[in-house]
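Work through these exercises with the model open beside you. Each task comes with a solution in steps.

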Amino acid sequence: QAPAERRTIRELPDELISQIAAGEVVERPASVVRELVDNALDAGATQVTVKLLAGGIRQILIEDDGCGIPVDELPLALKRHATSKIRSLDDLEHVLTMGFRGEALAAVSSVAEMAISSRTPDAAHAHRLDARSGELSPAARSQGTSIEVRELFFNTPARRKFLKSEATELAHCLEAVKRHALARPDVGFTVWHEGKLIEQWRAAPLEQRLRDVLGDDFIRDSVAVQLQVGPVRVSGRAGTPDAARSRADHQYCYVNGRYVRDKLLAHGVRSAYEDVLHGNRQPVYALFVEIAPELVDVNVHPTKIEVRFRDGREVHQAARKAVDAALAVSRAGQPDVGTG
Ligand code: ADP
Ligand code: MG
């Protein structure tokens, strides 16, 4: 084989840099939904509305009643590495917002058509920024932000080909909203698809939200978890052994309000069931871990779905002990005290 011809080193154009970076965060419509709902929650929204067309492939519109973006900052919101959430390394180490990388809007706008409409409390009216043309125009809406994303991956056909059917993409979008809804029962969520209301979760206490999202069975067949072990607080609900399923599809873990997939945590929880669950039976649970932000690194992966704990063993033990204690109470036949 002939050696490859030497080509000169060049800096990539900005647009291409963004498209490459987008590959890490935007895999499918559900990734866009996740990022935009994160932003709405960071903005203090009490109501988040998600409107989808064609499983989110044709359109994702997310509306919130949060703090809004001042008109002079709208263009900045679209820039890579531009964020209002951190300013220093110290901020990063104590971060409690969902976002902080300043990447999502830049990434999404590099692989889809996008427009932001926003209004701050003191603005006379809203403004709309079209990401592609950069055109800024007056718009009508109350306080908050709407972000409209159309034709995902229209300019990156190779990625578009990886999308599944509309029904599958819709299911992933719904799952993304569900994950947020479980962590934020104080926020109302509605999801529309093709003009039809398909989910509506009103602000409610946690137990009611768990019931609304995961069903009556989940509440009936689970026990309240509530334990502090050292610096780790674990709360939520864990299913009884009878509620276990053949698939691991009802396992929700949160660290400081962020949905995570963490092997260590999952293993800690699973080990509480080791004597009562056999074979591949999967426990169901919705567990919320609270820990000082400096004891957990959330900047491990661009999607922030993975975290790294400073003391993994401590967290593993806390998860196991918390679930263990809850299951022991249920075995003893004591009345379930609820999630409080
Ligand atoms: P990050 O969330 O990491 O800061 P994003 O690219 O998601 O980065 O957003 C960039 C900035 O745009 C945010 O820091 C925030 O100031 C602003 N922003 C984005 N979405 C909203 C929203 N729904 N409401 C208010 N501000 C928003
Ligand atoms: Mg964000």
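In which sense, left-handed or right-handed, does α10 pass α11? Keep in mind that the model is predicted.

**Exercise 1. Characterise the crossing of the two helices.**

Solution.
- Step 1. Find the helices. α10 covers residues 263-272 and α11 covers residues 312-331.
- Step 2. Look at the axes. They come within 7 Å and cross at roughly 35 degrees.
- Step 3. Assign the hand. The crossing of α10 with α11 is right-handed.
- Step 4. List the contact. From α10 it includes Leu264, Leu265, His267 and Val269. From α11 it includes Val315, His316, Arg320 and Leu327.
- Step 5. Sort the residues of this contact by class. There are 8 nonpolar, 6 polar and 2 charged.

**Exercise 2. Trace the sheet of 8 strands and find its edges.**

Solution.
- Step 1. Read the order across the sheet: β5-β4-β3-β6-β2-β1-β7-β8. The sheet is open, and its pairing is mixed.
- Step 2. Mark the edges. β5 (136-139) and β8 (196-201) each pair on one side only.
- Step 3. Check the twist. From one strand to the next, it averages 15 degrees.
- Step 4. Zoom in on one pair. β3 (residues 113-119) and β4 (residues 126-130) run antiparallel and share 4 bridges. Here Ser118 faces His127 of β4.
- Step 5. Add a helix. α7 (residues 166-183) packs on the sheet and touches β1 (47-53), β7 (188-193) and β8. The directions of α7 and β7 make an angle of about 175 degrees.

**Exercise 3. Trace the sheet of 5 strands. Why does each edge strand have a side without a neighbour?**

Solution.
- Step 1. Write down the order: β9-β10-β13-β11-β12. This is an open sheet with mixed pairing.
- Step 2. Go to the edges. β9 (222-229) and β12 (258-260) each have a single partner strand, so one side of each has no neighbour in the sheet.
- Step 3. Take the turn between neighbouring strands. It is 20 degrees on average, with direction ignored.
- Step 4. Inspect a parallel pair. β11 (residues 251-255) and β13 (residues 285-290) are joined over 5 bridges. Tyr252 sits opposite Ala286 in β13.
- Step 5. Return to α7. This helix lies across β11, β12 and β13, at about 60 degrees to β11.

**Exercise 4. Describe how the two domains meet. Which element gives the most to the side of domain 1 that touches domain 2?**

Solution.
- Step 1. Set the bounds. The domain assignment gives domain 1 as 14-201 and domain 2 as 206-331.
- Step 2. Compare the centres. Taken over C-alpha atoms, they are 28 Å apart.
- Step 3. Count the contact. Domain 1 brings 17 residues and domain 2 brings 18 residues.
- Step 4. Name the contributors in domain 1. α1 (14-25), α4 (89-93) and α7 each supply at least two residues. α7 gives the most, with 5 residues.
- Step 5. Classify the domain 1 side of the contact. It has 10 nonpolar, 1 polar and 6 charged residues.

**Exercise 5. Map the surroundings of ligand 1. Which residues come nearest?**

Solution.
- Step 1. Start with the total. There are 22 residues around ligand 1.
- Step 2. Pick out the nearest: Asn39, Ala43, Thr83, Gly99 and Ala104.
- Step 3. Relate the shell to helices. α2 (29-42) and α5 (104-111) each supply at least two of its residues.
- Step 4. Split the shell by class. It holds 9 nonpolar, 8 polar and 5 charged residues.

How values were computed:
Residues are numbered from 1 along each chain as its sequence is written. Chains are lettered from A and ligands numbered from 1 in the order in which they are written. This is a predicted model: local features need pLDDT of at least 70, side-chain atom pairs count only at pLDDT 80 or more; totals for chains, interfaces and linings use all residues. Two strands pair if DSSP finds at least two bridges between them. Axes are lines fitted to C-alpha atoms, for helices over the stretch in contact, and angles run from 0 to 180 degrees between N-to-C directions. Two residues are in contact if their C-beta atoms, placed from the backbone, lie within 7 Å. Domain bounds come from an automatic or database domain assignment. Ala, Val, Leu, Ile, Met, Phe, Trp, Tyr, Cys and Pro count as nonpolar, Asp, Glu, Lys and Arg as charged, and the others, Gly among them, as polar. A crossing is left-handed if the near helix is turned anticlockwise from the far one by less than a right angle, and right-handed if clockwise. A residue is near a molecule or strand if its C-beta atom, placed from the backbone, lies within 6 Å of it.
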